[in-house]
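Biologist: Hello! I am new to this structure and would like to walk through it with you. Could you show it to me, please?

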Amino acid sequence: MVAVTERQLRELPIVAPLLGAQPGRHTLKGAETNLYAEPAEQSFELTIAGRRVQVRVAPVEYRWSYGDGTALSTAVPGGPVPPAQLGERTETSHVYRSTGDVTASLTTVFAGRFSVDGGPLQPIAGTAAVTSVPRDLSVWRSEVRLYADDCNINPNGQGC
């Protein structure tokens, strides 16, 4: 009987998803930073004991490390949000509590199924974890101030 082992699953050249970040390289302390993955199911053709074996892998878990000592595990990859929704909470977003440079990372866990000579798909015991290219972020602070001066009337006023 032909089967695909967990070791064989882990040796497949599974491509890690891209790690996206919104609003981008620079984010704000105290605001939601949306991190998301762009995963895809992948297929591989193998020959085992002279038989044609097709393997399909799909992501089942996302392990987020936000670079500030906090982490999250989700079943969803998140996704980009429209510009009007930047700063809103998502299932994979994070609020940084201090300024500075951080490196966010993502490990995606894939489960697999295989088919021998075009037969029915069967599950592969075990999973394969693949790490994405990390994402460097710079967390800045922002200050909001209200000014009473009209810069058109007083171009030297505070805040102009």
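Modeller: Happy to! Let us begin with Glu-61, which is partly exposed, with a relative accessible area of 23%. Please keep in mind that this is a predicted model.

Biologist: Thanks! Why does Glu-61 count as partly exposed?
Modeller: Buried residues have under 20% relative accessible area and exposed ones over 50%, with partly exposed in between. Glu-61 falls in between because its relative accessible area is 23%.

Biologist: In which strand does Glu-61 lie?
Modeller: Look along the chain at residues 51-65, which form one strand. Glu-61 belongs to that run, and its name is strand 5.

Biologist: With which residue does Glu-61 form a salt bridge, and how far apart are the closest N and O atoms?
Modeller: Side chains of opposite charge can pair when their charged atoms come close. For a salt bridge, the nitrogen and the carboxyl oxygen must be within 4 Å. Glu-61 meets this rule with Arg-63, the closest N and O atoms being 3.2 Å apart.

Biologist: Is Arg-63 buried, partly exposed or exposed?
Modeller: The partly exposed class lies between under 20% and over 50%. Arg-63 has 39% relative accessibility, so this residue counts as partly exposed.

Biologist: Which residues is Glu-61 in contact with, leaving aside its neighbours within four places in sequence?
Modeller: One of them is Ser-73, and the side chains of Glu-61 and Ser-73 are also joined by a polar contact of 2.6 Å. The full list is Ser-73, Thr-74, Thr-107, Thr-108 and Val-109.

Biologist: Which strand pairs with strand 5 over 12 bridges?
Modeller: Strand 5 has several pairings to look at. Seven bridges join strand 4 (residues 42-48) to strand 5, and four bridges join strand 5 to strand 6 (residues 71-74); both pairs run antiparallel. The antiparallel pairing over 12 bridges is with residues 100-116, that is, strand 8.

Biologist: Which residue stands opposite Tyr-62 in strand 6?
Modeller: Strand 5 and strand 6 form a hairpin with five residues between them, and Gly-67 in the turn has a positive phi of about 90°. Across this pairing, the residue opposite Tyr-62 is Thr-74.

Biologist: In the hairpin of strand 4 and strand 5, which residue takes a positive phi?
Modeller: This hairpin has two residues between the strands. To find your way around, note that Thr-47 has Arg-52 as its bridge partner in strand 5. The positive phi, near 55°, belongs to Ala-49.

Biologist: Which residue meets Glu-45 in a salt bridge?
Modeller: The N to O distance is 3.9 Å, which satisfies the rule of within 4 Å. The partner is partly exposed, with a relative accessible area of 43%. Its name is Arg-52.

Biologist: How far apart are the N and O of the salt bridge between Arg-7 and Glu-11?
Modeller: Both residues lie in helix 1 (residues 6-11), four residues apart, about one turn of the helix. Both are exposed. Their side chains meet with an N to O distance of 2.8 Å.

Biologist: How many salt bridges does the count come to?
Modeller: We have met several, including Arg-7 with Glu-11 and Glu-61 with Arg-63. By the rule of within 4 Å, the count comes to five.

Biologist: One last stop: is Thr-27 buried or exposed?
Modeller: Thr-27 lies in strand 2 (residues 26-28), and a polar contact of 2.5 Å joins its side chain to that of Thr-33. Tyr-96 and Trp-140 are among the residues that Thr-27 touches. Its relative accessibility is 2%, so Thr-27 counts as buried.

Definitions and conventions: Residues are numbered from 1 along each chain as its sequence is written. This is a predicted model: local features need pLDDT of at least 70, side-chain atom pairs count only at pLDDT 80 or more; totals for chains, interfaces and linings use all residues. Side-chain values use heavy atoms; hydrogens and water are left out. Buried means under 20% relative accessible area, exposed over 50%, partly exposed in between (1.4 Å probe, protein chains only). Contact means heavy atoms within 4.5 Å. A polar contact is a pair of N or O atoms within 3.5 Å; within protein, one must be able to donate a hydrogen and the other to accept it, and residues adjacent in sequence count only if both atoms are side-chain atoms. Two strands pair if DSSP finds at least two bridges between them.
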